[in-house]
Amino acid sequence: MDRRQQKTRTAIFRAFTDLLTRKSYARITVSEIIAAADVGRSTFYSHFETKDALLEELCRDLFGHIIRSEGQICTEAAEYTPEPPDYEPVTDDYRGLIAHLLYHITNRREAFLSLLRSDSQLFFLHYLQEHLSPRLVETWLSEGRRAPDVPPDYLRHHFAAALVATIQWWIGGGMEQTPEVVADYFAAVMNPLLQYTRTEE
């Protein structure tokens with residue numbers, strides 16, 4: 001995608017996000033998005049087939065840097081200014097990955113708030129649970145622990161649902177806690193579900 005196309009997509013995303021702060025998703029029309037973004041109708045449809053497709057692409061854009069094409073969680077903190085200069089994500093600890101995710105959300109605060117306040121929030125939360133949580137849960141399950149006697153897919157579902165609920169709680173409360181504190185809250189609740197085991201020397 002060239003620079004002009006990217007500029008157009010950014011303008012559409014911003015117009016759409018702004019509209020979501022003022023109107024419900026169901027009431028927003030493509031014509032309103034086009035007018036707010038100051039683009040032509042044919043230009044809009046060359047990027048997005050429908051309004052629903054735009055919503056899905058917005059979710060991908062919000063999480064695009066976090067989820068690499070190969071399915072790995074991004075751990076490059078330096079690219080994101082909300083993180084403290086001395087912030088060093090713990091790449092072998094899922095808490096570090098969650099904190100990094102929350103810093104991404106902080107960096108795109110208005111967009112996330114717009115989605116959570118709109119009637120599209122269920123789609124957004126489902127996208128988060130389906131596309132992001134599985135990467136984190138695999139890290140959680142691989143940290144030298146033994147799972148209780150329950151099916152692995154149940155643990156994955158429970159972790160993903162709990163993470164989405166935690167993010168929703170944090171954003172809904174105005175993001176008052178730091179990402180590290182929220183990650184610690186989450187770990188304090190989730191870690192008892194798994195028992196640490198020592199690796200034989």
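These exercises, each with a worked solution, concern a predicted model.

**Exercise 1. The largest pocket**

Describe the largest pocket by its volume, its lining residues and the helices that supply them.

Solution. Begin with the general idea that rolling a probe the size of a water molecule over the atoms shows where empty space is left. In this model, the largest pocket holds about 180 Å³ of space. The next step is to list its lining, which consists of Q6, T10, F13, R14, T17, L58, D61, N107, R108, R109, E110 and A111. Sorted by class, these lining residues are three nonpolar, four polar and five charged. Turning to the helices, at least two lining residues come from each of α1 (3–22), α4 (51–63) and α6 (109–117), and α1 contributes the most, namely five residues.

**Exercise 2. Aromatic pairs**

Find how many aromatic pairs there are, and classify the pair of F44 and Y45 by the angle of its planes.

Solution. A pair of aromatic rings is described by the distance of the centres and the angle of the planes. The count of aromatic pairs comes to six. For F44 and Y45, the ring centres are 5.2 Å apart and the planes stand at 90 degrees, so this pair is edge-to-face, given that angles over 60 degrees fall in that class. The two partners can then be placed by their accessibility: F44 is buried, at 0% relative accessibility, whereas Y45, with a relative accessible area of 38%, is partly exposed. As a last step, look at the wider setting, where ring pairs link F13, F44, Y45 and F48 into a cluster; F13 also belongs to the lining of the largest pocket.

**Exercise 3. A pair between two helices**

Explain why the pair of F159 and F186 ties together parts that are apart in sequence, and decide whether each ring residue is buried or exposed.

Solution. First comes the geometry: the ring centres of F159 and F186 lie 5.1 Å apart with their planes at 90 degrees, so the pair is edge-to-face. Next comes the location, for F159 belongs to helix α9 (residues 152–172) and F186 to helix α10 (residues 179–190), so the pair ties together parts 27 residues apart in sequence. Finally, with the limit for buried set at under 20% relative accessible area, F159 is buried at 0%, and F186 is likewise buried at 4%.

**Exercise 4. Surroundings of S114**

State which helix holds S114, whether S114 is buried or exposed, and which residues S114 touches.

Solution. S114 is part of helix α6, and its relative accessibility of 2% makes S114 buried. Leaving aside residues up to four places away in sequence, S114 touches T17, L20 and T21. A further distance can be read from C-alpha to C-alpha: S114 and S24 are 9.7 Å apart in space, while 90 residues separate them in sequence.

**Exercise 5. Two loop residues with positive phi**

For D38 and M175, give the phi angle, the loop and the degree of burial.

Solution. Start with D38, which is not a glycine and yet has a positive phi of about 60 degrees. D38 sits in the loop between α2 (30–37) and α3 (41–47), and at 69% relative accessibility D38 counts as exposed. Then take M175, also a residue other than glycine, whose positive phi is near 55 degrees. M175 is located in the loop between α9 and α10, and, at 10% relative accessibility, M175 counts as buried.

Note on methods: Residues are numbered from 1 along each chain as its sequence is written. This is a predicted model: local features need pLDDT of at least 70, side-chain atom pairs count only at pLDDT 80 or more; totals for chains, interfaces and linings use all residues. Side-chain values use heavy atoms; hydrogens and water are left out. On a 1 Å grid over the protein atoms alone, a cavity is a set of points where a 1.4 Å probe fits but cannot get out, and a pocket is an open set with protein on both sides within 12 Å along at least five of seven lines; lining residues have an atom within 4 Å of a point. Grid points are joined across faces, edges and corners, and a volume is the space filled by probe spheres set on the points. Helices (H or I, at least four residues) and strands (E, at least two) are DSSP runs, numbered from the N terminus. Ala, Val, Leu, Ile, Met, Phe, Trp, Tyr, Cys and Pro count as nonpolar, Asp, Glu, Lys and Arg as charged, and the others, Gly among them, as polar. Rings of Phe, Tyr and Trp (its six-membered ring) pair if their centres lie within 6.5 Å; planes under 30 degrees apart count as stacked, over 60 as edge-to-face and the rest as tilted. Buried means under 20% relative accessible area, exposed over 50%, partly exposed in between (1.4 Å probe, protein chains only). Contact means heavy atoms within 4.5 Å.
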